[in-house]
Amino acid sequence: MSMADEKTSNASAWQIQTLAESASYLEHSGDISGAEEIYKKILEVEPGHMPSLIALAVGAMVRQEDELARTLIDRAADDVSDHAALHAELGRVLYARGEI
């Protein structure tokens with residue numbers, strides 16, 4: 001990896017971390033729609049960002065958008081198979097859809 005590539009990678013990681021912290025703050029402050037907008041921006045930069053996918057899936061479940069929630073959880077599951085929070089959310093989605 002060249003120095004330029006490493007700097008770009010570090011900048012992207014910093015940008016994602018900063019955005020994720022902002023989204024988490026908004027979420028805990030009750031601004032769910034604001035947090036979701038930031039999570040969507042994170043996914044534009046890093047499409048497989050699991051915390052963003054899970055947060056958006058939880059929001060979709062709250063709104064009873066079970067199909068969207070399932071899609072988001074499936075996207076997150078493409079990258080990992082042993083993440084406990086991911087499996088817990090998938091269980092909630094499947095239960096809400098009557099699949100288990």
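Partly exposed, as I use it in this notebook, means a relative accessible area between the buried range, under 20%, and the exposed range, over 50%. By that rule Glu 37, at 43% relative accessibility, counts as partly exposed.

**Entry 1: the chain as a whole**

I am working from a predicted model, so I looked up confidence before anything else. The mean pLDDT of the chain is 83, and 83% of its residues reach 70 or more. I found the highest confidence in helix α2, at a mean of 94, and the lowest in α5 (residues 84-96), at 75.

Next I listed the elements. There are five helices and zero strands, which read along the sequence as α-α-α-α-α. Of the 100 residues, 30% count as buried. The accessible surface comes to about 6,400 Å², and carbon and sulfur atoms account for 55% of that. I also checked how far along the sequence the contacts reach: among those between residues at least 6 apart, 37% join residues at least 24 apart.

**Entry 2: helix α3**

I turned to α3, which runs over residues 50-62. From first C-alpha to last, this 13-residue helix reaches 18 Å, close to the 18 Å expected at 1.5 Å a residue. How many of its residues are buried? I get ten of the 13, so I noted α3 as mostly covered, with buried meaning under 20% relative accessible area. Among the buried ones are Met 50, Leu 53, Ile 54, Leu 56, Gly 59 and Met 61.

I picked Ala 57 for a closer look, since this residue of α3 is buried with a relative accessible area of 1%. Which residues does Ala 57 contact, leaving aside neighbours within four places in sequence? I found Ala 69, Leu 72 and Ile 73. For a distance check I took Ala 57 and Ala 76: they are 19 residues apart in sequence, and their C-alpha atoms are 9.8 Å apart in space.

**Entry 3: Gln 64, just past the helix**

Just after α3 I came to Gln 64, which takes a positive phi of about 60 degrees. I flagged this residue because Gln 64 has that positive phi although it is not a glycine. Gln 64 sits in the loop between α3 and α4 (66-77). Is Gln 64 buried or exposed? I have it down as exposed, because its relative accessible area is 68% and the cut-off is over 50%.

**Entry 4: Glu 36 and its network**

Back in α2 (residues 32-45), I stopped at Glu 36. Glu 36 is buried, at a relative accessible area of 11%. Setting aside residues up to four places away in sequence, I see Glu 36 touching Leu 56, Gly 59 and Arg 63. Two of those names, Leu 56 and Gly 59, are also on my list of buried α3 residues.

Arg 63 deserved its own note. Arg 63 forms a salt bridge with Glu 65, the closest N and O atoms being 3.4 Å apart. Both partners are partly exposed: Glu 65 has a relative accessible area of 33%, and Arg 63 has 39%.

**Entry 5: salt bridges within helices**

How many salt bridges does a search of the whole structure find? I count four. Besides the Arg 63 pair, I wrote up two that stay inside a helix.

In α2, Glu 37 pairs with Lys 40, with 3.7 Å between the closest N and O atoms. The two residues are three apart in that helix, about one turn. Lys 40 is at 43% relative accessibility and counts as partly exposed.

In α4, the side chains of Asp 74 and Arg 70 meet at 3.2 Å, N to O. I noted that these two are four residues apart, again about one turn of the helix. Asp 74 counts as partly exposed at 33% relative accessibility, as does Arg 70 at 22%. Salt bridges that share partners also join Glu 36, Arg 63 and Glu 65 into one network.

A reminder to myself about the spacing: an α-helix has 3.6 residues a turn, so residues three or four places apart point the same way.

Key:
Residues are numbered from 1 along each chain as its sequence is written. This is a predicted model: local features need pLDDT of at least 70, side-chain atom pairs count only at pLDDT 80 or more; totals for chains, interfaces and linings use all residues. Side-chain values use heavy atoms; hydrogens and water are left out. The expected span of a helix is 1.5 Å times one less than its number of residues. Buried means under 20% relative accessible area, exposed over 50%, partly exposed in between (1.4 Å probe, protein chains only). Contact means heavy atoms within 4.5 Å. pLDDT is the predictor's confidence in each residue, from 0 to 100. Accessible areas come from the Shrake-Rupley method with a 1.4 Å probe; for residues, only the protein chains shown count as cover.
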